[in-house]
Amino acid sequence: MRTIKWALISFSAARNSFRENSGLVAMMSILISIEGIYLPEAIPQFEKVFTFSENDELTVSLVQENDIFTLANRFVFAWFELLISSIKDHEISRKFLFDQIGYSAIEDAILLTGSLNVENGFLVIGCLFALAFEDSRIIEELEKNLKESTKLQSSETNTTVPHLVESLIFKILCNPTSILKNTKVIVSILKLLLSVSESLPHLPMFALKAIFAISNANKHNQVKLNGVGLMRIVLDWTFGVQKCWFIRSINSSEKITEYQIKCVDLLKLIMKRIIEGGISDSELRYLFTSGNTTENLRNESRKNLHPFAAEVITHSLRYGRHPSYIHFDHNMNDICCLLMDNFGRPFPPINGYSLFLWIRVQKFDSSFDIPILGIMDEENHVRLLITLENGSRRKLRIQTLKNTVCYEKFQFSENEWYHVALVHQKPRISSSFLDLYVNGKLIERLKFGYLGHPGSACRIHSFIGLPPDMKRPEKSSAIWSLGPCYMIEDFLLDSQGVNTIYNLGVQYTANFQGSLEKYKIFQNIQNPSPEIFSKERSTPNVLINPIQILMSQIKVSQDLNVPEEKILFAITAENFMERYIRNHQNESEVTNTFLAAKIGIKGFFNSANPKINPDQTIIPSIVQIRGDLVVSTPLRMNDGIWKLGGCAMLLKLVDMSEVNISILNLIIFNRTQTSKLDFGITP
């Protein structure tokens with residue numbers, strides 16, 4: 001197996017050959033063939049061991065009972081290393097393993113070996129974490145720990161994994177650069193924990209700590225864990241639908257042990273971390289019914305919401321209000337960008353352009369300028385390049401065909417959303433000016449050369465992020481997120497127009513058609529000012545009248561009526577192709593879904609084209625992804641409440657929550673869209 005592993009690592013084409021010649025299927029047969037190797041009654045079957053010497057001479061030797069476990073561990077390590085090498089960075093092989101073989105087959109084969117009933121069972125769980133990350137370093141560390149550490153004591157509740165293994169969790173699994181490649185493996189790990197012997201209390205604790213560390217490592221892992229059904233498994237354990245010895249159901253009357261309290265606390269932390277990225281309709285319904293199969297919300301008899309469910313709902317309402325965004329992590333990927341081909345029209349525009357986007361930088365790099373947006377012509381000349389400077393400067397720098405300028409009057413901070421707008425005028429006689437607006441306010445106007453003679457570039461290509469052909473440092477730690485991003489030709493916004501777009505907020509993803517004032521009224525209702533929930537409020541337990549928010553000042557003072565044919569590109573996380581396919585897979589006549597499935601490339605729809613005609617070229621309508629990006633489109637708790645039952649659901653939830661002021665505040669101010677219609681309120 002080590003020889004095959006070397007070949008798979010050295011030659012990428014070998015992975016295709018290995019899969020096509022049933023290599024992965026043969027590996028499953030090999031794992032099944034060692035059924036019962038960890039079980040005492042099966043030891044006589046494995047007392048003879050066949051090995052090869054340095055001269056390739058076959059030798060047969062008898063081994064002791066303890067040595068069989070050691071050899072079994074070495075075999076399991078080698079098996080997982082080979083499996084990882086066969087699918088590492090190879091999407092087709094990953095898909096084959098998941099679709100054709102299935103992780104459930106690996107689960108069953110592991111159970112047959114009996115490895116979860118012995119003291120070193122955590123080594124197999126560690127190998128599964130290595131498979132989830134496709135990182136053989138984890139297996140190498142486990143092998144070292146196996147040699148250096150003594151056997152675990154499993155008879156007492158306070159037994160813990162050795163210190164070396166604990167350090168493994170924080171060094172590798174919690175590393176910001178460690179990203180999940182096969183997230184479904186985490187679900188398999190949780191399922192396998194149900195079969196762990198009660199004499200091994202350290203094993204569930206080890207797995208839960210590792211999952212919590214993974215969810216906190218980076219945004220990528222948090223989003224991935226949110227989309228694989230982990231929440232439903234945790235809820236089943238918590239509410240006692242799925243029985244497991246290390247988690248006492250919160251509905252149970254049995255006495256809870258200190259160990260079970262620790263496990264429940266870990267599950268609660270995992271659940272809160274995952275739910276910040278959104279919650280599905282089925283999970284939300286399950287949470288409201290507190291794990292019961294009956295529809296308690298429709299039951300006329302009063303049933304109080306369980307305090308555990310109330311705590312999770314409150315946490316989601318308070319912290320799970322993230323907008324949809326595209327996440328760029330240059331720390332994990334050398335190439336990390338979006339690519340757009342030709343717009344299908346001459347460039348640059350005749351009279352100028354308006355560019356506005358939402359951006360948030362989680363971390364600046366000390367030596368790497370973050371490339372936000374670039375436009376190149378057919379000769380690879382820079383027509384427009386927007387970057388954020390590195391280090392302590394954090395200023396916006398603009399480069400065109402002949403000029404480079406830096407806006408010195410504004411410095412960006414980390415972990416804050418900014419609305420950045422650039423309005424570039426091209427007068428026919430006088431010099432052109434470039435205005436920078438941040439959060440709706442004019443920061444600076446600079447005399448700045450245009451992008452070239454209007455219409456001088458017949459074909460261009462654009463990028464967002466770090467493209468493959470751009471010079472890059474050996475390692476960058478820059479991390480940033482992109483919200484809605486628009487570029488409009490021959491449409492110059494004034495200060496009032498920019499302020500109108502800013503006040504729509506980062507949640508707005510449409511093309512500025514229709515009444516923006518009505519949209520903002522609803523936005524004010526469902527996304528109130530954070531000051532409402534501030535701990536410094538003088539009357540923290542007094543509810544504010546929702547009419548007060550509805551009647552608050554609406555800062556959208558005009559409708560822009562942007563000509564849609566003038567929008568060059570409109571990029572939002574909501575237009576992710578996989579999201580279209582997932583949400584409309586049962587609709588046969590949805591054009592965008594049909595095209596997304598047919599194209600077979602990973603990317604976004606350019607919503608500047610409101611409707612795609614399959615008979616025409618679709619290149620201007622596609623934004624391709626290069627590298628590994630994270631697309632977060634969370635279904636927020638307040639949106640889910642509205643979808644499930646609207647105002648009736650809100651009132652029932654308030655009734656079930658007894659006197660929980662936090663829930664009352666958050667529910668009322670997070671979603672009362674029906675206030676204007678159902679309660680007859682008019683501004």
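Hi everyone, this is a short talk about a pair of helices and a sheet in a predicted model.

Let's start with the helices. When two helices pack, we describe them by the angle between their axes and the distance between those axes. Our pair is helix H10, residues 184-193, and helix H11, residues 202-217. Their axes come within 10 Å and cross at roughly 160°. Angles over 145 degrees count as roughly antiparallel, so H10 is roughly antiparallel to H11. And what is the handedness of the crossing of H10 and H11? It is left-handed.

Now, which residues do the touching? From H10 we have Ile-186, Ile-189, Leu-190 and Leu-193. They meet Leu-203, Pro-204, Ala-207, Leu-208, Ile-211 and Ile-214 in H11. How do the residues of this contact divide into nonpolar, polar and charged? There are 10 nonpolar residues, with no polar and no charged ones.

On to the sheet. It is an open sheet of eight strands, and if you follow along on the structure, the order is S9-S8-S7-S6-S13-S4-S17-S16. The pairing is antiparallel. Which strands sit at the edges? Those are strand S9, 404-407, and strand S16, 603-605, and each of them pairs on one side only. Going from one strand to the next, the twist averages 15°.

Let's zoom in on one pair inside that order. Strand S4, residues 336-340, pairs with strand S13, residues 460-466, in the antiparallel sense, over five bridges. If you'd like a spot to find on screen, look for Leu-339, which stands opposite Phe-463 in S13.

That's my tour, thanks for listening!

Note on methods:
Residues are numbered from 1 along each chain as its sequence is written. This is a predicted model: local features need pLDDT of at least 70, side-chain atom pairs count only at pLDDT 80 or more; totals for chains, interfaces and linings use all residues. Side-chain values use heavy atoms; hydrogens and water are left out. Axes are lines fitted to C-alpha atoms, for helices over the stretch in contact, and angles run from 0 to 180 degrees between N-to-C directions. Helices (H or I, at least four residues) and strands (E, at least two) are DSSP runs, numbered from the N terminus. Angles under 35 degrees count as roughly parallel, over 145 as roughly antiparallel, 65 to 115 as roughly perpendicular and the rest as oblique. A crossing is left-handed if the near helix is turned anticlockwise from the far one by less than a right angle, and right-handed if clockwise. Contact means heavy atoms within 4.5 Å. Ala, Val, Leu, Ile, Met, Phe, Trp, Tyr, Cys and Pro count as nonpolar, Asp, Glu, Lys and Arg as charged, and the others, Gly among them, as polar. Two strands pair if DSSP finds at least two bridges between them.
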